[in-house]
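Here is a short report on the interior of a single structure. It takes up buried residues, nonpolar cores and empty space in turn.

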Amino acid sequence: MSDTQTVPELVEGATIAEPTVSELRAEIDALRGTLAEVARVAQSAHDRGAVENVFNRYMYLHNAFQDEQIIPLWVKRGTEGIRARYTNAGEYTEYDSVIRYHQGRPSPTGKLILHATTTPVIEVAADGETAKGVWLMAGTESGLTDPEVAKEFPDMYSPGEVLGKKVWAHWVWCKYAIDFLKQDGEWKIWKFRCYELARAPFEENWISFGLKNQGAFDLDLMYFGDDGKPVFMPPADQPVPSENHPYSPETVQQLEPVPPVPHNTFTDTFH
């Protein structure tokens, strides 16, 4: 049959012309294109959900002091470009220094961390190899500290004592900017940035506390350990390229990090 020939068919007593071969080929090509686009959108939606699950899993484990279980969520050793940054004291660009944050983190009696993340903006690169996401976090942090240790940071503690110890109970707000890399078919944390936005003890508002808390952000505090003793990060691998400070009544808010937009391949927008 040639491309111009038709096959007659009787439908309800009428004879109609079937599509030509060329018309059928064009329709099949269009269906193939539609199917490919549907598959692309489905894969992108699947990847977006997987990326969000990685960070949500991170936060659930972090809240429960199960940081050793966070380590497998990171890219594997030797991955180029790994990075983590928490304060202005520096950033970590080697696998061992990045992972050290999650090793040996204690879970002292009476300590609570409850970080709830929200408002995600996640974009998976069109090539499917990387993804970018930003989150807001509102939470509480609290613990008990030996009174002698508490004398070093008097502004952060509540009045009085509980069980013979000083109490710190804070509201805290942060922003996260994270790049993810697909390795062996699974999404992994690749570049991690935490911006502390504001903090305030339970008895004080974030405006007055923000005015006196700026210097604390330049310290590389990792966590408060046993008896509430501060534990600091080891020296950073390199300085931060630019500084970020939490809220102060003397500053103007900035759009940082800038939420990701649709993109074809990875660009380092969070550095």
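What follows covers a buried histidine, the cores, the largest pocket, the cavity and a buried cysteine, all in a predicted model.

**A buried histidine**

H102 sits in a loop, between α2 (95-100) and β5 (112-124). Is H102 buried or exposed? Its relative accessible area is 1%, and buried means under 20%, so H102 is buried. The side chain of H102 has polar partners. One is the side chain of D67, at 3.0 Å. Another is the side chain of W74, at 3.2 Å. Leaving out residues up to four places away in sequence, H102 touches Y58, D67, E68, I70, I71, W74 and Y86. D67 and W74 thus appear in that contact list.

**The nonpolar cores**

The largest nonpolar core has 38 residues. Which residues have the most contacts inside it? They are F55, Y58, W74, Y176, F180, I189 and F192. Several elements give two or more residues to this core: α1 (21-63), β3 (83-87), α2, β5, β6 (130-145), β8 (165-183), β9 (186-201) and β10 (221-224).

I189 gives a view of the packing. Beyond its neighbours up to four places away in sequence, I189 touches V54, Y58, L73, W74, V75, I178, D179 and F180. Y58 and W74 are also among the residues that H102 touches.

A second core is separate and has five residues. M156, Y157, W168 and F224 are among them.

**The largest pocket**

The largest pocket holds about 870 Å³ of space. It is lined by 36 residues, and those closest to its centre are E141, E196, R199, L221 and F224. F224 also belongs to the second core. Which element gives the largest share of the pocket lining? It is β8, with five residues.

E196 lies in strand β9. Its relative accessibility is 15%, and the limit for buried is under 20%, so E196 counts as buried. The side chains of E196 and R199 are joined by a polar contact of 2.9 Å. Both residues are in the group closest to the pocket centre.

**The cavity**

The structure holds one cavity of 30 Å³ or more. The largest cavity has a volume of about 60 Å³. Its lining consists of R83, R85, E91, A177, K191, F192, R193, F270 and H271. β3 and β9 are the elements that give two or more residues to this lining. The largest share, three residues, comes from β9. F192, in this lining, is also among the residues with the most contacts inside the largest core.

The table sets out the two linings by class.

| Space | Volume | Nonpolar | Polar | Charged |
|---|---|---|---|---|
| Largest pocket | about 870 Å³ | 24 residues | five residues | seven residues |
| Largest cavity | about 60 Å³ | three residues | one residue | five residues |

**A buried cysteine**

C194 is found in strand β9. With 13% relative accessibility against a limit of under 20%, C194 counts as buried. What is C194 in contact with, apart from neighbours within four places in sequence? The contacts are R85, Y86, C174, K175 and Y176. R85 also lines the largest cavity, and Y86 is touched by H102. Y176 is among the residues with the most contacts inside the largest core. Y223 is 29 residues from C194 along the chain, and their C-alpha atoms are separated by 14 Å.

How values were computed. Residues numbered from 1 in each chain as written. Predicted model: local features only at pLDDT ≥ 70, side-chain atom pairs only at ≥ 80, totals over all residues. Heavy atoms only, no water. Helix = DSSP H or I, 4+ residues; strand = E, 2+ residues; numbered from the N terminus. Buried < 20%, exposed > 50% of the residue type's maximum accessible area, 1.4 Å probe, protein only. Polar contact = N/O pair within 3.5 Å; in protein donor to acceptor, adjacent residues only side chain to side chain. Contact = heavy atoms within 4.5 Å. Core = buried A, V, L, I, M, F, W, Y, C linked by side-chain atoms within 4.5 Å. 1 Å grid on protein atoms, 1.4 Å probe; cavity = no way out; pocket = protein on both sides within 12 Å on 5 of 7 lines; lining within 4 Å. Points joined across faces, edges and corners; volume = space filled by probe spheres on them. Nonpolar A, V, L, I, M, F, W, Y, C, P; charged D, E, K, R; others polar.
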